[in-house]
Amino acid sequence: MTMIGWLQIILFCAIIVALAKPLGGYMTRVFNGERTFLSPVLRPIEAGIYRISGVDEKREQHWLTYTVAMLLFHVGGFLIIYGVMRLQAVLPFNPAGQGAVAEDLSFNTAVSFITNTNWQNYGGESTLSYLVQMLGLTHQNFLSAATGIALAMALIRGFSRASMRTVGNFWIDVTRCTLYVLLPICVVYALFLVWQGMPQTLGPYIEATTLEGAKQTIAVGPVASQVAIKMLGTNGGGFFNANAAHPFENPTALSNFVQMLSIFALGAALTNVFGRMVGNQRQGWAILSVMGVLFLAGVAITCWAEANGTATLHALGLTGGNMEGKEVRFGIIASSLFAVVTTAASCGAVNAMHDSFTALGGMIPLINMELGEIIVGGVGAGMYGMLLFVILAIFVAGLMVGRTPEYVGKKIEAREVKMAMLAILVLPLMILGWTAVGVVYPTAVASMANAGPHGFTEVLYAFTSAAGNNGSAFAGLTGNTFFYNLTLASAMFVGRFFMIVPAMAIAGSLAEKKSIPASVGTFPTTGGLFVGLVVGVILIMGGLTFFPALALGPIVEHLAMNAGNLF
Amino acid sequence: MLREIRPGIVLLLVLTAITGLAYPLAMTAIAGTLFPVQAQGSLIERDGRVVGSALIGQEFKDDKYFRGRPSATLAPDPNDSTKTVPAPYNAANSGGSNLGPTSKALADRLKEDVDKLKVENPSAPIPVDLVTTSASGLDPDISPEAAQFQVPRVAKARNVPEDQVRQLVTANTEGRLLGLIGEPRVNVLALNLALDRAAK
């Protein structure tokens, strides 16, 4: 790999680390209900919203109430998306005259957006009206992201509080997150994206006559407003079919770089919020270090594999790496980095087609998702997912020395460990279970675009992405079929909510516990030993669970490629 | 729990209206004022006609024009709406080939394109981006090497010295941002428009 490639990666990491502290400070103030520099403008709006919706700002919720409120909110969100998709033909803002979206595709897309997955069985410019893009997708991009952050805050409060029965108020957390964090950033960000060349119009598709006299219909739309929150909220559902590879959805190398930063920005800042809330920012930096180690390993492998190319390219004397399914303005490095970033976080936007990556280059995104998307992760979801692994790591450490494990002043006991295990077991159940069905059920097999082990990887990737609420795809797989619309929706639903409920149970149980001051016998959770331990637990859990499946897919494909086999 | 129902409904509707209507519509109005060209899709007009977008690639077959990368975009089959047919640079349906590293179909396609290019310019190594499809199928750019590779063909078709065409390629080459971010590239449509202007 070239020097310039490494410098791009180092610059990216440096900016993320530099942003974590100021953003973390701001978010901590927002969720503690303190004044911020935006309060003069936003506070009256916020108070007005509470008044008409009957939210009592003084009242907090028990973890069960908090969870039920969150679920209620999602039932409504689901109905809105499903409704506008089914009715788009008779609703306004539909200059391309898109017809009603089929039942199963509407169902899949609605589940996909409320779970922050944003899996694209829909084609964007070829399927959806502008109204669906705005009222259906953009709105849920905000709210599913705000929900993720709210849940992470509830779990963080579980650690930072002592002897309390409540974990916060869901309505207030969601409202404040949307108004104070997501919207202001998106307004500035969307304008930046338009400046870079992203369309933002309600006008019809453009009819152009090319230099050679052919007709070209160019799809446009209110793209920038949606892409801003799509990246910032780690949603990832594209305005266009080709997602962030489409020149209108990612016009320049600079827009690409900023999009990658915005995927990680809030997730990385949440580690700092955690540190501040538990009273020691080094606790947050330790968690960010765990993420950093795993991230850099993934980046190095993918960049190396893609720059190396494939046996097919070598045989034809083509050098310069694997450019199939990549854009010239991004090249090998920015495409590989984007792929690792988008799957480390649960974003799922793509600026290159993962299906055309080399076997090993495409395996890293798969592994990132299978580890539970805890490398920065989805906004909020990554934080609570990582804290579940921390609980397990602390438990393992406690077993080794024969003491009751403690983390940031809280005793980790049987209930927490059981709940953490329950949440973590959801992923293999959904991923491996459905993949097993998908590779034997004949109509599902017919959806594969590539033959041989690569076809298996397409199915494995689809269920991994759905269960992990990522949304990126090995897009050759024909996902818009009755089978995949329903099974993927079930994987997305279970992958999101069956992880949230145990995490919230932990939040509730921790909040009720007393806080114990650190003593000489307390295992320090800010040093290198702790970082190594958590990395180890994450890799062993993920490695043991998914290695057999990876061996059947990308690993065997890599070996077959080197042996000169084509399928 | 029952008292959570009213906030659930009202808050959802209010936040939906703010994020799903007020925000995108306001951004459309502001962006249209501040950046009218970009907001409409960076359209390029020649002689009063829209010839394309500066950001969207288009298909060139004529020898006198530089060609972009192969495109894997599809369109519905006019004879059978359940099927699709190849339609390169279809800007109403973006997408890549999604062929994997061990795909025989990909290997065959690459070999065919490489053989054609070897005939066109036997003296230079073939740049990889000139035979691989882009992720969007709408890539507006090619690498500077891919542009230089096509110079002999374009110069011959236009009956102008190669050096003159090479100069245009160099003038239309964009470098990395700050020498660091992105990759060097040549916008094919801009280059072809410059060629046509130079011919006048």
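Q: How are H3(A) and H1(B) oriented to each other?
A: In this predicted model, the two helices are oblique to each other. Helix H3 of chain A covers residues 63-87 and helix H1 of chain B covers residues 5-34; they pack at an angle of about 45°. Angles from 35 to 65 degrees fall outside the parallel and perpendicular classes, so this pair counts as oblique.

Q: And how far apart are their axes?
A: The axes of H3(A) and H1(B) are 9 Å apart.

Q: Is that crossing left-handed or right-handed?
A: H3(A) and H1(B) make a right-handed crossing.

Q: Which residues make the contact?
A: On the H3(A) side you'll find A:Ala69, A:Leu72, A:Phe73, A:Gly76, A:Gly77 and A:Ile80. H1(B) brings B:Ile5, B:Gly8, B:Ile9, B:Leu12 and B:Thr16.

Q: How many of those are nonpolar, polar or charged?
A: The contact of H3(A) with H1(B) has 7 nonpolar residues and 4 polar ones, with no charged residues.

Q: Let's zoom out. How many residues of each chain are in contact with the other chain?
A: 88 residues of chain B touch 105 residues of chain A.

Q: Which part of chain B gives the most to that side?
A: H1(B) does, with 22 residues. Other elements that each supply at least two residues include helix H2 (36-39), strand S2 (49-53), helix H3 (104-120) and strand S5 (141-142) of chain B.

Q: What's the mix of classes on that side of chain B?
A: The side of chain B that touches chain A has 45 nonpolar, 30 polar and 13 charged residues.

Q: New topic: what is the strand order in the open sheet of chain B?
A: The order is S5-S7-S6, and the 3 strands pair antiparallel.

Q: Which strands are at the edges?
A: S5 and S6 (173-174) of chain B are the edge strands, as each pairs on one side only.

Q: How many bridges join S5(B) to S7 of chain B?
A: There are 2 bridges between S5(B) and S7, which spans residues 185-187, and the two strands run antiparallel. Within that region, B:Ile142 stands opposite B:Val186 of S7(B).

Q: Which helix lies across S5 and S7 of chain B?
A: That's helix H6 of chain B, residues 188-199, and its direction is at about 60° to S7(B).

Q: Last one: what are the confidence scores?
A: The model scores ipTM 0.95 and pTM 0.95. For chain B, the mean pLDDT is 93, and 100% of its residues reach 70 or more.

How values were computed. Residues are numbered from 1 along each chain as its sequence is written. Chains are lettered from A and ligands numbered from 1 in the order in which they are written. This is a predicted model: local features need pLDDT of at least 70, side-chain atom pairs count only at pLDDT 80 or more; totals for chains, interfaces and linings use all residues. Axes are lines fitted to C-alpha atoms, for helices over the stretch in contact, and angles run from 0 to 180 degrees between N-to-C directions. Helices (H or I, at least four residues) and strands (E, at least two) are DSSP runs, numbered from the N terminus. Angles under 35 degrees count as roughly parallel, over 145 as roughly antiparallel, 65 to 115 as roughly perpendicular and the rest as oblique. A crossing is left-handed if the near helix is turned anticlockwise from the far one by less than a right angle, and right-handed if clockwise. Two residues are in contact if their C-beta atoms, placed from the backbone, lie within 7 Å. Ala, Val, Leu, Ile, Met, Phe, Trp, Tyr, Cys and Pro count as nonpolar, Asp, Glu, Lys and Arg as charged, and the others, Gly among them, as polar. pLDDT is the predictor's confidence in each residue, from 0 to 100. Two strands pair if DSSP finds at least two bridges between them.
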